[in-house]
Structure formats: structure tokens, C-alpha cells
Amino acid sequence: MSDPHTAPVPGRIMAAEMAEQPAVLQRILDEGAPKIRGIAAEIATRNPRFVLLTARGTSDNAALYAKYLVEILLGKPAGLTSMSTTTAYGAKPDLTDVLVITVSQSGGSPDLVASTKAAREAGAITLAVTNNASSPLAEVSEFHIDVLAGPEKALPATKTYTAELLALYLLVEGLAEAWGYSRREPGEGSAAQGLPVLAAGVLERHAEVRALAERYRFAQRLVITSRGYGYPTAREAALKLMETTYIPASPFSGADLLHGPLAMVDNVSPVIAIVPDGKGGEALQPVLDRLRGRGADLVVIGQQAQVDAASAGFVLPAGVPEEVQPILEILPLQLLAYEVTIARGQDPDAPRALAKVTETR
């Protein structure tokens with residue numbers, strides 16, 4: 001019989017790993033950025049014609065963020081791959097002069113390794129972004145970026161996700177600089193430079209999220225929406241809430257929400273909107289108006305004015321460039337998943353039926 005005084009505290013590992021994120025972000029900026037810039041410079045000389053991104057789960061949401069970065073900041077076409085076309089159907093596309101970026105926390109899933117190996121054999125420039133420099137994925141890739149998050153033991157990925165986002169941003173920033181697309185003035189630092197301090201400030205407001213979590217303790221379903229750079233955040237927030245709280249959470253682009261799913265929203269439907277401070281937020285505004293018109297219980301993660309116009313919300317730091325806001329946007333939503341799970345009497349460290357490394361083929 002276990003001693004209640006020594007039994008593990010539910011969620012302690014996830015809580016500790018969320019709290020590490022400012023230090024992880026700083027480590028990437030201090031230690032990882034020079035290597036990432038070097039890799040970006042080398043890839044830039046190869047002038048890939050477009051970019052393909054390969055990932056699963058949480059890393060797939062990081063890859064989607066990178067797709068937005070590549071298309072907006074580099075003007076290059078970018079797409080998300082369907083690995084089964086290679087691993088199950090044996091397709092052999094011509095990937096000459098294509099940059100294939102594979103994102104994986106562990107770097108161990110067989111389908112990621114097999115599809116990356118096949119891409120390299122098909123002529124692609126292959127880059128692995130992982131939290132494990134000695135992983136099979138890193139070994140089969142031409143280039144590798146270590147996100148430097150340190151061991152992650154809780155099943156829900158938190159610090160590895162924000163680390164992947166920052167590493168991918170720095171890669172694209174480096175490519176933009178090498179190709180002369182950079183929007184920064186000479187001598188100006190990275191747009192990501194202040195993120196560790198801002199992230200620490202967001203995480204210190206844990207009590208605000210705990211109060212917000214009471215809205216969702218008995219929720220039967222959730223809708224989460226955003227646009228632009230915020231859409232990957234909506235998808236990752238839904239994943240975190242589903243895997244920890246077991247509440248069905250449906251993520252939608254705001255544009256897609258208007259194309260039918262809005263019909264399921266009524267005056268008792270909880271909706272979380274991530275409202276970027278910039279063009280994504282402007283594009284989302286008609287969706288917010290429609291949601292308010294339907295009487296939805298609307299919670300906004302965004303700027304003060306948007307939060308004031310909603311049922312409740314969490315105010316994010318102002319003045320952050322839109323392309324790096326997702327690194328901060330996800331933090332209160334990670335905390336929300338944690339708090340709702342605890343409130344429902346479950347352990348967010350160990351969601352049922354999940355393993356830390358998922359081996360798909």
C-alpha cells in the first residue's frame with residue numbers, strides 16, 4: 001500500500017517542464033542559434049525550389065507553423081507531406097532540389113525515418129529538427145537541428161513544442177537573411193530575442209488560467225479557432241486539451257469555421273479564439289463577430305481590446321512581431337489543459353492509452 005505522503009503529485013512533471021520553457025528558449029538563442037544560422041546559410045546556397053514538412057502529432061503543428069513562415073517570409077511554396085504515400089504505397093516522387101524538413105521530438109518513429117531516408121534518396125535536401133541528436137532520424141538526415149529542450153518525461157509535449165517553434169523560426173529567419181529577404185535593419189537582433197523574458201511573464205500568471213479553467217471543468221466539447229500564424233496554436237491547444245482532459249476539442253481555421261461548422265455553435269458552446277496581433281487577427285474579426293452574434297461563450301487569447309469584447313480571456317504581451325507570437329500564445333493554453341485536467345481529477349503527466357514515443361509506420 002503506497003504512502004499518501006510519498007505518492008507522486010498529479011501533474012508535477014508537466015508543471016515542471018512547462019516552467020522550464022523560458023530557460024529552454026534562452027538556451028536556443030544562446031547556444032543553438034549560431035548553428036542554426038550556419039545550417040540556414042548552407043541550405044541557402046543550394047537554393048531549394050520549395051519546402052516539404054514531415055511530422056506527426058504535436059510536431060505536425062510546429063511544422064504547420066513553419067509552413068506559414070516559409071510561405072510568408074520566404075515566398076517559397078511549402079506543403080505538409082503524407083508519409084503513407086511513401087511508406088505504405090511506395091511512391092517515388094522526384095524531390096531534386098526540394099528541402100524536406102522532418103520535425104520530431106524523439107526522432108524515433110519508423111515512418112518519419114523511412115520517409116526521410118526515401119526523400120534523401122530521391123534527391124531532397126533533408127533536415128531533421130529533433131530533441132535527440134543521436135536519434136535514427138538525425139542519422140539519416142543530411143542536416144540536423146537539436147532543439148536543446150532536455151529530457152521531456154511528461155507525456156504531453158510542452159517545452160519541446162515551443163523549442164521546435166523557435167528553432168524553426170530561427171531557421172527561416174536565417175534563410176531570409178541569406179536570400180536578402182530579411183525585414184530587419186542591419187545590426188538589428190532577431191525578432192525572437194525578447195521571448196524568454198516574455199514567456200516567463202506569461203507563465204507567472206498561472207493563477208489567471210486556473211480561474212479560467214473553471215469554465216471548462218464540466219465541458220462536453222470545445223471549439224478552438226484562429227487564423228494565420230495562430231492556426232497552428234489552435235490545433236496544438238486542441239491536441240493538448242484532448243490528450244490530457246479527454247474533452248473533444250475541434251480546431252478550425254476561422255475561415256473554415258464559417259463554411260459550416262459554425263452551425264454547431266450556440267449560446268452554451270465554449271469557444272476559445274486565439275487572436276493574433278496583426279493580419280491574422282484582422283482576418284479573424286468577422287468570425288469573432290459571428291460567434292458573439294450566436295451568443296457563444298467566447299474566451300479570447302490575445303490583446304486587451306479583444307479580451308474585453310469577449311466573455312473572458314487571457315491578455316498576451318503587446319508589441320511582439322506576429323510571426324513569433326505563437327511561441328507565447330500556446331503557453332496559457334498549455335496551462336489551461338493542465339488546470340482543467342487537475343480539476344477533473346486526472347493526471348496530466350500520464351494520459352490514458354498514450355506512449356511518449358509513438359511508433360507509426
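Leaving aside its neighbours within four places in sequence, which residues is Leu127 in contact with? In this predicted model, the partners of Leu127 are Ile39, Ile43, Leu99, Val100, Ile101, Thr102, Ser141, Phe143, His144, Ile145 and Leu171. Leu127 also belongs to the largest nonpolar core. The points below cover the cores, one pocket and one bent helix.

**Nonpolar cores**
- The largest nonpolar core holds 88 residues.
- Ile101, Leu127, Val129, Leu166 and Ile224 touch the most other members of this core.
- Helix H7, residues 159–178, gives the most to the largest core, with 12 residues.
- A second core is separate and has 18 residues. Val223, Val271, Leu284 and Val315 are among them.

**Second largest pocket**
- This pocket encloses about 380 Å³ of space.
- Its lining is made of 19 residues. Closest to the pocket centre are Thr86, Ala91, Pro93, Leu95 and Ala118.
- Three elements each supply at least two lining residues: strand E1 (50–54), helix H4 (84–87) and helix H5 (110–121).
- H5 gives the most to this lining, with five residues.
- Nine lining residues are nonpolar, eight are polar and two are charged.

**Helix H2 and its end**
- Helix H2 spans residues 21–46. At Gly32, H2 bends by about 60°.
- A proline, Pro34, follows Gly32 within four residues.
- Asn47 comes just after H2. The phi of Asn47 is positive, about 45°.

How values were computed
Residues numbered from 1 in each chain as written. Predicted model: local features only at pLDDT ≥ 70, side-chain atom pairs only at ≥ 80, totals over all residues. Heavy atoms only, no water. 1 Å grid on protein atoms, 1.4 Å probe; cavity = no way out; pocket = protein on both sides within 12 Å on 5 of 7 lines; lining within 4 Å. Points joined across faces, edges and corners; volume = space filled by probe spheres on them. Nonpolar A, V, L, I, M, F, W, Y, C, P; charged D, E, K, R; others polar. Bend = angle between axes of the 7 residues up to and from the residue. Core = buried A, V, L, I, M, F, W, Y, C linked by side-chain atoms within 4.5 Å. Buried < 20%, exposed > 50% of the residue type's maximum accessible area, 1.4 Å probe, protein only. Contact = heavy atoms within 4.5 Å.
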